[in-house]
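I opened this notebook to keep track of what I looked up, entry by entry. The entries are short and follow the order in which I checked things.

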Amino acid sequence: MNDFQYREGELYCEDVPLSRIAKEVGTPCYVYSHHTLVRHFRVYDSAFQNIPHIVAFAMKANSNLAVLRMMAKEGSGVDIVSGGELFRALKAGVPPGKIVFAGVGKKPEEIRDALKADILMFNVESSAELQAINDVAASMGVKARVALRINPDIDPKTHPYISTGLKKSKFGIAADRAIEEFKAAAAFSHIEVVGLHAHIGSQLTQVAPFVESLKKVLTMVQTLAEQGIPIRYLNIGGGLGITYSDETPPEPKDLAAAIFPLVRDLKCVLIMEPGRVIVGNAGVLLTKVLYTKDGETKRFLIVDAAMNDLIRPSLYDAHHDIKPVYENVARGAKETVDVVGPVCESGDFLAKDRAMPEMNAGDLMAVMSAGAYGFVMSSNYNSRPRVPEVLVHEGQIHVIRARESYDDLVHGEQIPAFLS
Ligand code: LLP
């Protein structure tokens, strides 16, 4: 359930008609529902209430400061993957004791900043990285808490670009080398091994791969305990899928129920890193039809949002439902169209060969399920200013990121003197 519903003939976000947002803020823009965000967080968090746990929101999915502040107020931590994400998380008021830092390519400066902030732990992806973290920690005279990220070699049955737990993937430490690597980690002077991490992929629509992965790492936790390396934090990653069209992913309570029997007797705090499931269906991209065009073989709806604003359809062939803002338009006779943007590439589309009700120039539409990996993956390609982000809360429209200006586009650029 989310708060984007038709009411009195038009699509609303909570109590605010999207047409009002289009009028006040302009299009294109991202619109998030505060109520849906909070509800999704609480549904996820409370599903695990019988297990000691920390929800570390995967902020790569949506890193707006207002969204992060909202998460922090709800008691969430964050999963970060860069120094920039650390900066945002701290600025938004996320407690450092609930920050975990993943990623295969952490730079020494990023490691130093994270140690300075005293984050909960690093999720370490290789032995070379362990050495780097040890060296930085030694130079600062501190000990770095780490979890080793294990690659359990499980097929999550999702898009290859977002599968991370297979042998061929760049992520994590191979399962058959895990115990050896944990022993090596424990021997470092400035490393404290506290956890084990496994994340197998994103947009998972079944519980089975999570359970399979967990079973595999639990045997390691057991072996490690026997070898004097107790695991205090078990991080099961994120990855729970959402409904974009007709998927029926498990709910957080289904995931919790499936793993509860396996972890009930563990003396561990569970960490989970959901991203998409919290924010995906809490946001839409609001856009307007600029022109209709009858090509040689198909009809195009040319809208003011493009692949630079939402790249998922172009990059992953991802499906996003598209709803006309006015219900009378939505009820119109269907035709098969491509919904495309103004960017100069054939790969610029929001939907291909989609049955859509007849729409005309000036009509508004909402590209649904765009709250996760939407704005954060947007770019200035074709020198298009990035679009605003709006948070709806109790009938009010809050612009939580302003539309970029043309001056913003050239910020930091310089013409060297020899060209003058
Ligand atoms: N933890 C780790 C270590 C991750 O790599 C990811 C996502 C997550 C947690 C959060 O996964 P989620 O709960 O959101 O599925 N841009 C792609 C998704 C990339 C996901 C990368 N890692 C997309 O638009 O589908």
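The entries below go through domains, cores, backbone, salt bridges and surface.

**Entry 1: what kind of model**

I noted at the start that this is a predicted model.

**Entry 2: domains**

I looked up how the protein is divided. The domain assignment gives domain 1, made of 4-32 + 280-409, and domain 2, which covers 34-276. I then checked how far apart they sit: taken over C-alpha atoms, the centres of domain 1 and domain 2 are separated by 32 Å. For the contact between them, I found 22 residues of domain 1 touching 21 residues of domain 2.

**Entry 3: nonpolar cores**

I asked which residues have the most contacts inside the largest nonpolar core. They are Phe122 and Leu196, and the core itself has 99 residues. Helix α8 (residues 208-226) supplies the largest share of this core, with 7 residues. Domain 1 and domain 2 each give at least three residues to this core.

I took Phe122 for a closer look. Leaving aside neighbours within four places in sequence, Phe122 is in contact with ten named residues I copied down in two groups. One group has Phe101, Lys106, Ile111, Ala114 and Leu115 among the contacts of Phe122. The other group includes Ile133, Ala144, Arg145, Val146 and Ala147.

Apart from the largest core lies another one, of 19 residues. I wrote down some of its members, including Phe4, Cys13, Val25 and Cys29.

**Entry 4: backbone**

I went through the backbone with one general point in mind. Most residues other than glycine have a negative phi, and most peptide bonds are trans.

Where is a cis peptide bond found? I found one joining Thr27 and Pro28, with omega at about -5°. Pro28 belongs to the loop between α1 (18-25) and β4 (29-33).

Next I looked at phi. Asp353 has a positive phi, near 45°, and is a residue other than glycine. I located Asp353 in strand β18, residues 349-357. Glu394 also has a positive phi, near 45°. I placed Glu394 in the loop between β20 (389-393) and β21 (396-401).

Is Glu394 buried or exposed? Glu394 counts as exposed because its relative accessible area is 65%, and the cut-off for exposed is over 50%.

**Entry 5: salt bridges**

I turned to charged side chains. Side chains of opposite charge can pair when their charged atoms come close. I noted a count of 18 salt bridges, and looked at some of them one by one.

The side chains of Arg299 and Asp294 form a salt bridge, at 3.0 Å from N to O. I checked the cover on each partner. Arg299 has 16% relative accessibility and so counts as buried. Asp294 has a relative accessible area of 58%, so Asp294 is exposed.

Asp309 and Arg384 are joined by another salt bridge, at 2.8 Å from N to O. Why does this pair tie together parts that are apart in sequence? Asp309 lies in the loop between β15 (299-303) and α11 (312-316), while Arg384 lies in the loop between β19 (364-367) and β20, so the pair links parts 75 residues apart in sequence. Asp309 and Arg384 are both buried.

I also looked at Glu404, which forms a salt bridge with Arg401, with 3.4 Å between the closest N and O atoms. Glu404 is buried because its relative accessibility is 12%, under the 20% cut-off. Arg401 has a relative accessible area of 23%, so Arg401 is partly exposed.

I then looked for shared partners. Asp294, Arg299 and Glu335 are joined into one network by salt bridges that share partners.

**Entry 6: a nonpolar patch on the surface**

Which residues make a nonpolar surface patch? I found Ile415, Phe418 and Leu419 making one, of about 410 Å².

I followed up on Ile415. Ile415 is found in the segment after α13 (406-409). With a relative accessible area of 71%, Ile415 is exposed. As a last check I took a distance across the model: the C-alpha atoms of Ile415 and Ala198 are separated by 47 Å. Along the chain, Ile415 and Ala198 are 217 residues apart.

Note on methods. Residues numbered from 1 in each chain as written. Predicted model: local features only at pLDDT ≥ 70, side-chain atom pairs only at ≥ 80, totals over all residues. Heavy atoms only, no water. Patch = residues over 30% accessible without salt bridge, like charges linked within 9 Å, V, L, I, M, F, W, Y side chains within 5 Å. Areas by Shrake-Rupley, 256 points an atom, 1.4 Å probe, with all protein chains shown as cover. Salt bridge = Lys/Arg side-chain N within 4 Å of Asp/Glu carboxyl O. Helix = DSSP H or I, 4+ residues; strand = E, 2+ residues; numbered from the N terminus. Buried < 20%, exposed > 50% of the residue type's maximum accessible area, 1.4 Å probe, protein only. Core = buried A, V, L, I, M, F, W, Y, C linked by side-chain atoms within 4.5 Å. Domains from an automatic or database assignment. Contact = heavy atoms within 4.5 Å.
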